[in-house]
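Please read these notes with the structure open beside you, and take the points in order. They go from the whole chain to a few side chains.

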Amino acid sequence: MFKEKISQNFNSNGYVVIKNFLDTKEVNFFIKEIYKDLKINNVTQKLYNHSILIENPNYWKLFTNPKLINSVKEFLDTD
């Protein structure tokens, strides 16, 4: 049921909301990181090559978050 609901939401919306993915402290941390990058970098130039996401190692905490990875694995699991 859970996997079917995620699949249905993804197919309808193009995204899935993972509740409680980040706690308040983590959200505030990433808000500060984003604002810092927007103030320091030339955003228009950087967005074309996505280097903002690659250059700041703090964003990798999002990409490698176990809750995100496990949710994606569960969604992609075909068993």
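1. How many helices and how many strands are there in the chain? The model, which is a predicted one, has six helices and zero strands, and reading along the sequence therefore gives the pattern α-α-α-α-α-α, with strands (DSSP runs of E, at least two residues) missing from it.

2. Before looking at details, it is worth asking how confident the predictor is. The average pLDDT of the chain is 76, and 76% of the residues reach a score of at least 70. Among the elements of the chain, the lowest mean pLDDT, 51, belongs to helix α3 (residues 43–49), while the highest, 84, belongs to α5. Please keep this in mind when you look at residues 43–49, the stretch that forms helix α3.

3. The next point concerns the chain as a whole. Of its 79 residues, 15% count as buried, and its accessible surface comes to about 6,600 Å², with 59% of that area belonging to carbon and sulfur atoms. If we take the contacts between residues at least 6 apart in sequence, 62% of them join residues that are at least 24 apart.

4. Which residues form the salt bridge that a search of the whole structure finds? The search finds one, and the partners are Lys36 and Glu33, whose closest N and O atoms are 3.3 Å apart. Both residues lie in helix α2 (residues 24–40), and they are three residues apart, which is about one turn of the helix.

5. Are the two partners of this salt bridge buried or exposed? Lys36 has a relative accessible area of 38% and is partly exposed, whereas Glu33 has a relative accessibility of 7% and counts as buried. The cut-off for buried is under 20%, so Glu33, at 7%, falls within it.

6. Glu33 deserves a second look, since its side chain also makes a polar contact, at 3.2 Å, with the side chain of Asn58. When neighbours within four places in sequence are left aside, Glu33 is in contact with Asn56, Asn58 and Tyr59. Glu33, which lies in helix α2, thus has Lys36 as its salt-bridge partner and Asn58 as a polar contact.

7. What aromatic pairs does the structure hold? A search of the whole structure finds two. In one of them, Phe29 and Phe30 are arranged edge-to-face, with 5.1 Å from centre to centre and 80 degrees between the planes. Phe29 is partly exposed at 28% relative accessibility, while Phe30 counts as buried at 7%.

8. Why is the pair of Trp60 and Phe63 described as edge-to-face? The ring centres of Trp60 and Phe63 lie 5.0 Å apart and their planes stand at 90 degrees, so the pair is edge-to-face, the cut-off for that description being over 60 degrees. Trp60 and Phe63 are three residues apart in helix α5 (residues 60–63), and about one helical turn therefore separates them. Trp60 counts as partly exposed at 41% relative accessibility, and Phe63 is also partly exposed, with a relative accessible area of 34%.

Key: Residues numbered from 1 in each chain as written. Heavy atoms only, no water. Helix = DSSP H or I, 4+ residues; strand = E, 2+ residues; numbered from the N terminus. Buried < 20%, exposed > 50% of the residue type's maximum accessible area, 1.4 Å probe, protein only. Contact = heavy atoms within 4.5 Å. Areas by Shrake-Rupley, 256 points an atom, 1.4 Å probe, with all protein chains shown as cover. Salt bridge = Lys/Arg side-chain N within 4 Å of Asp/Glu carboxyl O. Phe/Tyr/Trp six-rings, centres within 6.5 Å; stacked < 30°, edge-to-face > 60°. pLDDT = per-residue confidence, 0-100. Polar contact = N/O pair within 3.5 Å; in protein donor to acceptor, adjacent residues only side chain to side chain.
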